[in-house]
Amino acid sequence: RIVEVVKTPVIEEDGTVSGILGIFTDITERKIAEAKLRAFTTKLEKSNRELQDFAYIASHDLQEPLRKIVVFGERLRNRCIDKLTDDEKFYLDRMHEAGRRMQTLINDLLTFSRVTTQAHPFVPINLKNVIREVLIDLEMRIEQTKGKIEVGDMPVIEADQLQIRQLFQNLIGNSLKFHKLDVPPVINITSRILSSAQLNKPGDTEWCEIIVKDNGIGFDPKYAERVFQMFFRLHNRTTYEGTGMGLAICKKIVERHNGEISAESTPGVGTTFRILLPVKQERDEGENTQ
Ligand SMILES: Nc1ncnc2c1ncn2[C@@H]1O[C@H](COP(=O)(O)OP(=O)(O)OP(=O)(O)O)[C@@H](O)[C@H]1O
Ligand SMILES: [Mg+2]
């Protein structure tokens with residue numbers, strides 16, 4: 001058995017030491033529990049790594065054969081177009097379309113796994129600038145939808161600039177996509193700084209709360225957590241294109257930044273995303289680039 005001993009001298013009033021007091025505690029159980037926890041953590045880390053490697057290798061290695069299928073399918077169609085019946089052309093087109101779609105799915109899966117495999121260290125970034133860049137990228141879509149985007153004051157936080165850009169690209173992209181027919185999208189982006197105490201969290205970290213609010217078609221609030229799952233989509237694919245990976249990528253990015261993301265929505269009224277990110281990151285974190 002393992003015993004922990006705490007010893008203290010017994011000192012008399014005149015200052016002489018008359019003995020030693022010892023407290024013996026049997027800590028065998030605690031030591032066993034600690035060892036079990038350590039073994040479990042190691043196992044968990046290993047399986048996590050394996051899963052990540054799998055996602056990366058699978059998506060990466062699947063790209064090449066799929067590219068061949070798509071390219072040779074195209075060639076076949078071009079060569080034989082005159083000899084094919086309408087039915088045969090239809091089948092070939094369906095195959096081609098499915099191949100294309102699979103390419104998009106695989107690319108999105110690769111983007112998802114790259115959040116951890118191709119991460120950059122956290123550096124101070126100006127959120128306002130990042131959002132400005134995203135709005136330039138989305139310029140065409142904003143014009144097409146006659147969208148309005150209002151951006152409030154934004155702080156500087158420690159983060160991976162490319163990933164935060166990806167985060168806003170997905171969120172703003174969604175708000176532009178899922179707008180109500182005949183109602184131009186209005187997107188409101190605001191932020192404020194909150195202390196751990198204000199958020200009922202332990203420690204004394206400063207947090208940046210970001211709210212992205214739209215006036216779009218919304219969704220049933222019972223799906224508020226499920227929308228972050230991989231490949232989860234609520235709306236018709238032919239009307240609203242996409243693979244359902246955007247929010248899963250957003251969640252992974254926020255979690256890598258030690259933050260949180262949640263959604264609230266009312267059908268026919270709009271959707272609000274709330275993101276919490278630490279203003280400063282703990283040292284050494286985020287340096288898990290492989
Ligand atoms: N702002 C929003 N308003 C209404 N519904 C939304 C909004 N954002 C997300 N959703 C719903 O959540 C689903 C998941 O969103 P996500 O961004 O992951 O996928 P996507 O936009 O369909 O595809 P992708 O982002 O991969 O192109 C969407 O298909 C849609 O049904
Ligand atoms: Mg999306």
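Helix H5 gives the most to the shell around ligand 1, with three residues. (Helices, H or I of at least four residues, and strands, E of at least two, are DSSP runs numbered from the N terminus.) This is a predicted model, in which local features need pLDDT of at least 70, side-chain atom pairs count only at pLDDT 80 or more, and totals for chains, interfaces and linings use all residues. Residues are numbered from 1 along each chain as its sequence is written, chains are lettered from A and ligands numbered from 1 in the order in which they are written, and side-chain values use heavy atoms, with hydrogens and water left out.

**Exercise 1. The ligand shell**

Task: Find which elements each supply at least two residues of the shell around ligand 1, and how the residues of that shell divide by character.

Solution:
- Step 1. Start with the elements: helix H5 (161–177), helix H6 (246–256) and strand S9 (270–278) each supply at least two residues.
- Step 2. Now look at the residues around ligand 1: there are 21, and Asn174, Lys177, Asp214, His235 and Leu247 come nearest. (A residue is near a molecule if one of its heavy atoms lies within 4 Å of it.)
- Step 3. Sort the shell by character, and you get eight nonpolar, nine polar and four charged residues. (Ala, Val, Leu, Ile, Met, Phe, Trp, Tyr, Cys and Pro count as nonpolar, Asp, Glu, Lys and Arg as charged, and the others, Gly among them, as polar.)

**Exercise 2. Polar atoms and cover**

Task: List polar protein atoms beside oxygen atoms of ligand 1, then state how much of the ligand's area the protein covers.

Solution:
- Step 1. Take the side chain first: a polar atom of Arg233 is 3.2 Å from an oxygen atom of ligand 1.
- Step 2. Turn to the backbone, where a polar atom of Gly244 lies 2.9 Å from a ligand oxygen, and a polar backbone atom of Met245 is also found 2.9 Å from an oxygen atom of ligand 1.
- Step 3. Now for the area: on its own, ligand 1 has 600 Å² of accessible area, and the protein covers 94% of that. (These areas come from the Shrake-Rupley method with a 1.4 Å probe; for residues, only the protein chains shown count as cover.)
- Step 4. Place the ligand: ligand 1 sits in the largest pocket. (On a 1 Å grid over the protein atoms alone, a pocket is an open set of points with protein on both sides within 12 Å along at least five of seven lines; a molecule sits in it if more than half of its atoms lie within 2 Å of its grid points.)

**Exercise 3. Two buried polar side chains**

Task: For Glu209 and Thr117, give the element, the burial class and the partners of the side chain.

Solution:
- Step 1. Glu209 belongs to strand S7 (residues 206–214). With a relative accessible area of 6%, Glu209 is buried. (Buried means under 20%, exposed over 50%, and partly exposed in between, using a 1.4 Å probe and protein chains only.)
- Step 2. The side chain of Glu209 has a polar contact of 2.7 Å with the side chain of Arg192, and another of 2.7 Å with the side chain of Arg274. (A polar contact pairs N or O atoms within 3.5 Å; within protein, one must be able to donate a hydrogen and the other to accept it, and residues adjacent in sequence count only if both atoms are side-chain atoms.)
- Step 3. Thr117 is part of helix H2 (residues 86–117) and is buried at 13% relative accessibility. Its side chain reaches the backbone oxygen of Ser113 at 3.1 Å.

**Exercise 4. Positive phi in loops**

Task: Where do Lys146 and Asp182 lie, and are they buried or exposed?

Solution:
- Step 1. Lys146 sits in the loop between helix H4 (139–145) and strand S4 (148–151). Its phi is near 60 degrees, a positive value in a residue other than glycine, and Lys146 is exposed, with a relative accessible area of 64%.
- Step 2. Asp182 lies in the loop between H5 and strand S6 (186–195). Although not a glycine, Asp182 has a positive phi of about 70 degrees, and at 75% relative accessible area Asp182 is exposed.

**Exercise 5. Sequence separation and distance**

Task: Give the C-alpha separations of the pairs Ile189 and Thr272, and Arg100 and Glu282.

Solution:
- Step 1. Ile189, in strand S6, is buried at 0% relative accessibility. Its C-alpha atom is 9.8 Å from that of Thr272, 83 residues apart along the chain.
- Step 2. Arg100, in helix H2, is partly exposed at 42%. The C-alpha atoms of Arg100 and Glu282 are separated by 42 Å, with their positions 182 residues apart along the chain.

Key
On a 1 Å grid over the protein atoms alone, a cavity is a set of points where a 1.4 Å probe fits but cannot get out, and a pocket is an open set with protein on both sides within 12 Å along at least five of seven lines; lining residues have an atom within 4 Å of a point.
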